[in-house]
Amino acid sequence: MFLKRLLYSYTKSGHHLGPFRTAQSPAATTTHFPGLPSLRARLSSSLDFKDDPSVPGTTSLFNIKKSIKASPFECAEGFACIRTVCPVCHTEPGSEQVSAKETIYINKTTGTFTCSACRHLGRWEYIEKFFVPYGKSAKTVQEMRKLRDVFLDSKKGGPAPVELPGGLAIVDEKLAGEICGELGLDGIPPASLVQVASRWDARYKHLYVPLVDVESAVVGYKVLSIEKNELVERTVPDTNCSGLIYLKCLAESKTVASAKSKDQSSAILVLNVWDLLALSTAKINAIAICLPHDLKSLPQQCLPGLERFQKLTLWFNYDTAGWDIARNYARKLEERRCMFVRPTDAHPTPAKALGLGLDLKLIYGKAQPILHQSITTFHSLRQDVLSELQNIDKVQGVKWRRYPTLNKLLKGHRKGELTVLTGPTGCGKTTFMSDYSLDLALQGVSTLWGSFEIRNTRLATTLLRQMAGRPLDVNLSEFDHWADEFEQLPVYFMTFHGQQPIKVVMDAIEHAQYVHDIQHVIIDNLQFMMGVSEESKHLDRYWKQDAIIASFRTFATRKNCHVTLVIHPRKERDTDDLTTSSIFGGAKASQEADNVLIIQDKRLTSVRGKKYLQVAKNRYSGDLGIMPLDFDKLSLSYAQKRKKTEPTAGGEPFELVTSQ
């Protein structure tokens with residue numbers, strides 16, 4: 001490839017060309033691009049877009065629309081994206097003649113664009129330069145055409161398109177009836193399997209349903225099979241799939257032509273293929289759409305495929321997790337057009353409702369807007385209260401598998417809360433927090449690590465060793481296996497180190513929460529993030545820390561995301577126990593926190609001293625107590641080992657104090 005990478009583009013004035021990065025020498029760059037000013041001085045990072053949570057988009061929505069409107073192209077603003085003609089694919093810069101009308105979709109929140117022709121994903125800064133305004137000089141237009149060639153060449157190394165496995169049978173109505181029997185899809189019309197263009201693997205009894213993008217190109221597929229007498233579904237690719245499955249719900253329509261004649265501006269979003277097929281039995285004038293990754297994430301590449309719908313009804317699992325994720329998804333999709341089927345036993349998912357003989361159309365008709373007003377009444381909250389009471393175990397949060405005592409004390413890990421962890425220097429706060437977060441990540445809790453004190457490489461090494469349960473430096477043959485397993489976890493790392501302005505950090509966190517649906521943010525540690533600078537010496541450190549804590553508290557509540565802050569304690573005598581008053585700074589940290597965890601280390605002050613975790617504050621249930629911490633050096637883990645005399649779960653003994 002002549003040039004592999006291209007960088008950020010014009011400055012705000014729009015008269016300068018962006019920086020490049022080339023695999024050749026600087027001389028070669030000058031030869032191929034005569035007249036480009038100071039390219040060597042602008043060499044920087046890569047053009048290949050990486051969805052890095054630490055690098056959020058910097059361009060405002062106003063500037064994006066302004067750049068497009070100044071060019072010959074039209075700008076159409078949708079719910080979540082801006083739609084316009086791609087200025088690169090088959091389009092000559094500076095020409096008012098558009099030879100083809102490939103479309104790009106620009107996300108209004110992140111500024112990320114997706115090209116419908118080549119499915120290239122990139123940041124707005126990479127393509128902004130190609131929206132050449134009217135009246136540009138011929139020299140500038142000529143330079144833009146050269147840049148266009150480089151840009152197109154850089155996209156050739158993109159990921160190969162996803163194809164269905166070979167040797168699959170095309171499903172017709174006769175075969176569809178047999179498949180419904182094989183997979184236990186009771187009550188599902190065979191015609192619905194034909195409509196979604198499914199394929200059947202008769203040898204392994206696997207059903208393949210293609211996922212298509214906004215241009216109806218296959219970009220992935222769902223695989224349905226029976227395992228242990230249960231219907232199992234998985235997605236290929238398993239992350240960042242941009243495809244959706246569409247199914248018309250018009251049961252009364254006998255032909256495709258009559259279905260198309262209906263005005264369908266409404267869509268019903270479901271999480272799996274079984275729910276999608278169940279909706280084909282309902283006489284609803286809407287399109288049923290299956291999302292690619294269940295409750296794990298909604299990639300922003302999927303949003304263009306939903307732009308044409310004026311109303312979206314989210315029909316997810318009738319539990320608290322489904323309700324929380326639906327609210328996060330609604331923010332991506334634009335809350336004004338989103339409805340939600342409230343999660344109660346009377347309103348189960350479509351497949352369960354079909355099995356129970358419930359009227360799907362009647363349940364769909366009871367969907368309510370997600371967007372709440374500033375003032376509400378108990379009548380509006382009644383169904384939410386009922387849902388919480390019916391799903392009390394799930395309301396308590398995700399249970400730890402390594403720490404059963406924490407489950408008894410904290411009841412679980414809940415979204416929207418703020419946890420403060422403190423302990424003396426060298427007691428193992430970071431090691432415990434990595435083990436604590438790994439337990440949750442293994443259960444699908446998307447985690448963003450912000451380690452300002454240690455390098456990400458060292459942190460990842462610790463997490464990998466805790467996952468493997470043994471040192472990998474003496475078991476290098478197992479590294480690839482465990483590394484592959486770890487790559488599947490929803491764990492992301494911020495690349496900050498040392499002092500960073502809180503605004504920059506919060507921009508990165510909000511970007512990651514939007515793109516990757518982050519559910520748990522860890523900041524290790526707060527004082528190290530604050531750092532020491534010329535500016536900060538004029539500020540009161542307590543005031544500065546309180547402002548940072550307030551920012552994280554607001555983020556946790558507004559984005560329904562759990563935030564864990566590691567904070568060092570004040571200097572106390574070694575013989576004294578740490579308390580909530582020992583947390584460094586003012587009282588705001590302990591006041592704002594929903595949970596306060598303190599590692600008490602008595603090993604240096606007593607011959608038989610122990611180290612244990614103390615739950616000093618628990619706003620959810622009020623239960624306080626301690627959990628012994630026995631460190632396993634081989635696995636770098638504090639995971640509790642169950643007593644051999646205990647046949648059931650229960651873990652280590654603990655002291656329980658109920659607050660009044």
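**Close-up views of a predicted model**

**View 1. Ser 225 in strand 11.** Ser 225 is part of strand 11, which spans residues 218-227. The model shown here and in the other views is predicted. With a relative accessible area of 6%, Ser 225 is buried. Beyond its neighbours within four places in sequence, Ser 225 contacts Leu 183, Lys 205, His 206, Glu 230, Leu 231 and Val 232. One of these contacts, Leu 183, is among the buried residues of helix 5, the subject of the next view.

**View 2. The buried and exposed sides of helix 5.** Helix 5 covers residues 173-183, and its buried residues are Leu 175, Ala 176, Ile 179, Cys 180 and Leu 183. Seen down the helix axis, these residues fall within an arc of 145 degrees, so they line one face of helix 5. Lys 174 and Gly 181, on the other side of the helix, are exposed. The cover over the buried residues of helix 5 includes two elements from before and after it in the numbering, strand 8 (169-170) and helix 6 (190-195). Strand 9 (199-201), strand 10 (206-212), strand 11 and strand 12 (230-236) are also included in that cover. Gly 184 follows helix 5 and has a positive phi, near 70 degrees.

**View 3. Trp 315 in the largest nonpolar core.** The largest nonpolar core has 41 residues, of which Leu 207 and Trp 315 touch the most other members. Not counting residues up to four places away in sequence, Trp 315 touches Ile 268, Leu 269, Val 270, Leu 279, Val 341 and His 347, among others. Its further contacts include Pro 348, Thr 349, Pro 350, Leu 360, Ile 363 and Tyr 364. Another core, of 35 residues, lies apart from the largest one; among its members are Tyr 403, Tyr 436, Trp 449 and Ile 454. In soluble globular proteins, nonpolar side chains tend to be buried together.

**View 4. Helix 18 against helix 20.** The axes of helix 18 (residues 502-516) and helix 20 (residues 541-559) come within 11 Å and cross at roughly 15 degrees. Helix 18 is therefore roughly parallel to helix 20. The crossing of helix 18 past helix 20 is right-handed. Helix 18 contributes Ile 502, Met 506, Ile 509, Glu 510 and Gln 513 to the contact, while helix 20 contributes Ile 548, Ser 551, Phe 552, Phe 555, Arg 558 and Lys 559.

**View 5. The whole protein, for context.** The protein contains 21 helices and 27 strands. Of its 660 residues, 51% are buried. Among contacts between residues at least 6 apart in sequence, 66% join residues at least 24 apart.

Key: Residues numbered from 1 in each chain as written. Predicted model: local features only at pLDDT ≥ 70, side-chain atom pairs only at ≥ 80, totals over all residues. Heavy atoms only, no water. Helix = DSSP H or I, 4+ residues; strand = E, 2+ residues; numbered from the N terminus. Buried < 20%, exposed > 50% of the residue type's maximum accessible area, 1.4 Å probe, protein only. Contact = heavy atoms within 4.5 Å. Arc of directions from axis to C-beta. Core = buried A, V, L, I, M, F, W, Y, C linked by side-chain atoms within 4.5 Å. Axes fitted to C-alpha atoms, helices over the stretch in contact; angles between N-to-C directions. Parallel < 35°, antiparallel > 145°, perpendicular 65-115°, else oblique. Left-handed = near helix turned anticlockwise from the far one by under 90°.
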